[in-house]
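Trainee: Please take me closely through one part of this model, the salt bridges, and then show me what surrounds that part. I have the sequence and the coordinates open.

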Amino acid sequence: MKLVRPEEKQPKNVVQFKVPTGMTNYDIQNYLEKIYKIKVIKVESNIENGKLRRAILQKYGPIVKDDDFRRAFVTLPRDQEFEFPEVCVTEEQKKRSSEDEKSSKMSGEMFKNYLKKQADRPGLPGWFSF
């Protein structure tokens, strides 16, 4: 079973999974209740066909089909809410991203200053000037 982020917005107590085609709704419900000790209200699932694509990333080549899979929508009780966790976002990464934003702003300002200095020079295209 693989937890999947839904494409359309869903209620907070509905969770989406990709499961093998051999599993039934009853199997999915028992699996979640016995292994993860989650109370399941309802399970709805449908089998989706795998995508057709070229095996080689060119114009010609053999066409292959990805495996079919079952998409299961599991409804939890109303008082339970499920939200996707932020995966691998640490304080160090947040600090690094803020430093990256500062440096990109500074380099943008430096480039604008450079263009202002070069605005009166002949031979440069007119679209460089501000």
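Mentor: Let's start at Asp66, which is partly exposed at 28% relative accessibility (buried means under 20% relative accessible area, exposed over 50%, and partly exposed in between, with a 1.4 Å probe and protein chains only). Please keep in mind that this is a predicted model, in which local features need pLDDT of at least 70 and side-chain atom pairs count only at pLDDT 80 or more, while totals for chains, interfaces and linings use all residues. Numbering starts from 1 along each chain as its sequence is written, and side-chain values use heavy atoms, without hydrogens or water.

The partner of Asp66 is Arg53, and the two form a salt bridge whose closest N and O atoms are 3.0 Å apart (a side-chain nitrogen of Lys or Arg within 4 Å of a carboxyl oxygen of Asp or Glu). This pair links distant parts of the chain, 13 residues apart: Arg53 belongs to strand S4 (residues 52-54), while Asp66 sits in the loop between strand S5 (63-65) and S6. Helices (H or I, at least four residues) and strands (E, at least two) are DSSP runs, numbered from the N terminus. Arg53 is also partly exposed, with a relative accessible area of 42%.

Next comes Lys65, which pairs with Asp68 in a salt bridge with 2.5 Å between the closest N and O atoms. Both partners are partly exposed: Lys65 has a relative accessible area of 44%, and Asp68 has 34%.

Another bridge joins Glu48 and Arg71, with 2.7 Å from N to O. Because Glu48 lies in strand S3 (residues 42-48) and Arg71 in strand S6, the pair ties together parts that are 23 residues apart in sequence. Here the exposure is mixed, since Arg71 counts as buried at 11% relative accessibility, whereas Glu48 is partly exposed at 24%. The structure holds four salt bridges, and the pairs just described are among them.

Now let's step back to the whole chain. It has two helices and six strands, and from the N terminus the elements follow the order β-β-α-β-β-β-β-α. Of its 130 residues, 18% count as buried.

Two loop positions deserve a look. Lys37, in the loop between H1 and S3, has a phi near 55°, which is a positive value in a residue other than glycine. Lys37 is exposed, with a relative accessible area of 69%. Arg78 is in the loop between strand S6 (69-75) and helix H2 (91-117), and it too is exposed, at 80%. The C-alpha atom of Arg78 is 9.3 Å from that of Ile41, although these residues are 37 apart along the chain.

The pockets complete the surroundings. A pocket here is an open set of points on a 1 Å grid over the protein atoms alone, where a 1.4 Å probe fits, with protein on both sides within 12 Å along at least five of seven lines; lining residues have an atom within 4 Å of a point. The largest has a volume of about 240 Å³ (the space filled by probe spheres set on the points). It is lined by 15 residues, and those closest to its centre are Pro6, Gln10, Phe82, Glu83 and Phe84. Strands S1 (2-4) and S2 (14-19) each supply at least two lining residues, with S2 giving the most, three. By class, this lining has eight nonpolar, two polar and five charged residues (Ala, Val, Leu, Ile, Met, Phe, Trp, Tyr, Cys and Pro count as nonpolar, Asp, Glu, Lys and Arg as charged, and the others, Gly among them, as polar).

The second largest pocket has a volume of about 190 Å³. Its lining includes Met1, Lys2, Leu3, Tyr31, Tyr36 and Phe82. S1, S2 and H1 are the elements that give two or more residues to that lining. Its residues divide into 11 nonpolar, no polar and one charged. Tyr31, one of those lining residues, is in helix H1 (residues 25-35) and is partly exposed, with a relative accessible area of 31%.
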